[in-house]
Every structure is written in structure tokens, then in C-alpha cells.
Amino acid sequence: MVNEQFVLQRNCPATLIPAGDAVVLREGSTVTVTQALGGSLTVRDALGLYRIAPRDLDALGPRGTEWGASQAKAQPPAPTAGKFSEEQVWEALRACFDPEIPVNIVDLGLIYDLRLEPGASEQQKIFVKMTLTAVGCGMGPVIAEDARTRLAALPGVEHAQVDIVWDPPWSPHMISPAGRLQLGLE
């Protein structure tokens with residue numbers, strides 16, 4: 001799907017990268033996919049770079065709808081109730097991507113802290129502190145909400161909270177060996 005061009009079949013809500021502003025890509029516009037990870041697409045047109053959320057992939061026509069459905073099926077099976085583990089939380093976070101960098105937020109080194117607390121009725125509360133690669137990145141709230149939504153969807157989760165922090169400042173040294181390999185830095 002990467003480098004594939006699409007003519008939008010309807011007006012499509014999107015997020016301008018890196019500003020994080022909500023925009024509408026107009027029906028009939030041509031976009032090219034630059035990244036297809038985590039269930040969302042990063043596309044570009046003559047004016048900029050945008051993130052299209054999974055719920056709006058049908059704007060790309062049947063191929064976008066098919067890709068979105070295949071991504072939903074490719075998700076790991078939901079853990080059964082009562083078998084909640086910290087590893088499931090990490091896997092959910094590994095499904096989140098910066099729309100400009102083809103590495104998940106865990107391997108990118110953006111997760112600074114993960115805390116689990118017991119909630120009511122054997123449920124869990126999840127608290128995450130994450131950072132961004134650049135302080136001025138307007139995509140921070142979008143990425144944090146993607147992570148929070150994925151965590152909240154895990155069985156046995158009562159509450160999920162993702163906070164953006166800036167200390168310590170992120171640097172490329174925080175990228176995991178797997179992330180460095182994906183980026184061609186090793």
C-alpha cells in the first residue's frame with residue numbers, strides 16, 4: 001500500500017502532520033500513502049502530510065476499506081478475562097506509531113513509565129508517561145489518545161491514562177536495538 005495513490009471517494013477528516021490540526025481532505029483529491037502502520041495511514045498530497053484514522057479508510061474506496069479490515073483482523077487476539085498481564089499492555093503500545101516514523105512508540109523510546117494499579121472488581125488501572133521526539137510536535141495528543149484507546153480496550157482494564165512528559169528530553173539514543181534496525185541505524 002505504501003507509495004500507492006488514491007483518489008478520495010468522499011470528504012475525509014484527517015490530521016495535519018506535524019501540527020496536529022484537524023483538516024478535511026476533499027473528495028476527488030489525490031493522495032499517496034507514505035506509511036501504513038498501526039491501522040492508520042499517513043498520506044501526502046501537494047500541500048502536506050496527513051494522518052487518516054482507521055474509521056475513515058473507506059474514503060480511499062474499496063482498497064482502503066479492505067486494507068482497514070485486514071488490519072483489524074491482523075490484530076492479536078484479545079486476551080481472555082482474568083489473564084491480564086503487563087506484556088499485553090506493552091503489546092498494545094507497540095501497535096501505536098508516530099505517523100512520520102515507521103517505528104512503534106515503544107521501540108522509538110517514547111514510553112518513559114508504565115504503572116499498573118488494581119481497580120475495582122479485579123480490573124486494572126493503567127498509567128503511562130510518554131514523550132515525543134520533538135517538543136513542538138502537534139501530533140502528541142493524537143498519538144497519546146491512540147495509545148490510551150488501545151489500552152482502554154484491553155479486557156480487564158477499568159481506566160487508562162497516557163500523559164505526555166518532557167523530562168528527560170528524548171534523544172535518538174533512546175531508540176531500542178529493534179527500532180534502530182528498522183530505521184537503518186545499525
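This is a guided tour of a predicted protein model, going from the whole chain to its cysteines and then to one strand residue.

**The whole chain**

Begin with the entire protein in cartoon view, where you should find 4 helices and 9 strands. Colouring from the N terminus onward lets you follow the elements in the order β-β-β-β-β-β-α-α-β-β-α-β-α.

Next, show the C-alpha atoms alone and turn the model along its principal axes, for these atoms fill a box of roughly 50 × 35 × 30 Å. How does the radius of gyration of the protein agree with that of a compact globule? A compact globule of 186 residues would have a radius near 16 Å, and the protein has 17 Å, so the two agree.

**Surface and interior**

Switch to a surface representation, which exposes about 9,700 Å², with carbon and sulfur atoms supplying 54% of that area. If you then colour by relative accessibility, 42% of the 186 residues count as buried. Contacts can be drawn as well: among those with a separation of 6 or more, 56% are accounted for by residues 24 or more positions apart in the sequence.

For a view of charge, select the 15 positive and the 22 negative side chains as two sets, and note that the centres of these sets lie 3 Å apart.

**The cysteines**

Now select the cysteine sulfur atoms; how many disulfides does the structure hold? The structure holds 0 disulfides, and C12 is accordingly in none, its nearest cysteine sulfur being that of C137, 20 Å away. A disulfide is a covalent bond between the sulfur atoms of two cysteines.

Move on to C96, whose closest cysteine sulfur also belongs to C137; the distance is 14 Å, which is too far for a bond, because a disulfide is counted here only when the two sulfur atoms lie within 2.5 Å.

Are C12 and C96 buried or exposed? C12 is buried, with a relative accessible area of 0%, and C96 is likewise buried at 0%.

**T15 and its surroundings**

For the last stop, select strand 2, which covers residues 12-17, and pick out T15 within it. T15 has a relative accessibility of 15% and therefore counts as buried, since the limit for that class is under 20%.

Which residues is T15 in contact with, once its neighbours within four places in sequence are left aside? Display the side chains of G20, D21 and V23, then those of L49, Y50 and R51, and finally M139 and V142, for T15 is in contact with each of these residues.

Terms used
Residues are numbered from 1 along each chain as its sequence is written. This is a predicted model: local features need pLDDT of at least 70, side-chain atom pairs count only at pLDDT 80 or more; totals for chains, interfaces and linings use all residues. Side-chain values use heavy atoms; hydrogens and water are left out. Helices (H or I, at least four residues) and strands (E, at least two) are DSSP runs, numbered from the N terminus. The radius of gyration is taken over C-alpha atoms; the globule rule is 2.2 Å times the number of residues to the power 0.38. Buried means under 20% relative accessible area, exposed over 50%, partly exposed in between (1.4 Å probe, protein chains only). Contact means heavy atoms within 4.5 Å. Accessible areas come from the Shrake-Rupley method with a 1.4 Å probe; for residues, only the protein chains shown count as cover. Lys and Arg count as positive and Asp and Glu as negative; His and the chain ends are not counted. The place of a charge is taken as NZ of Lys, CZ of Arg, CG of Asp or CD of Glu.
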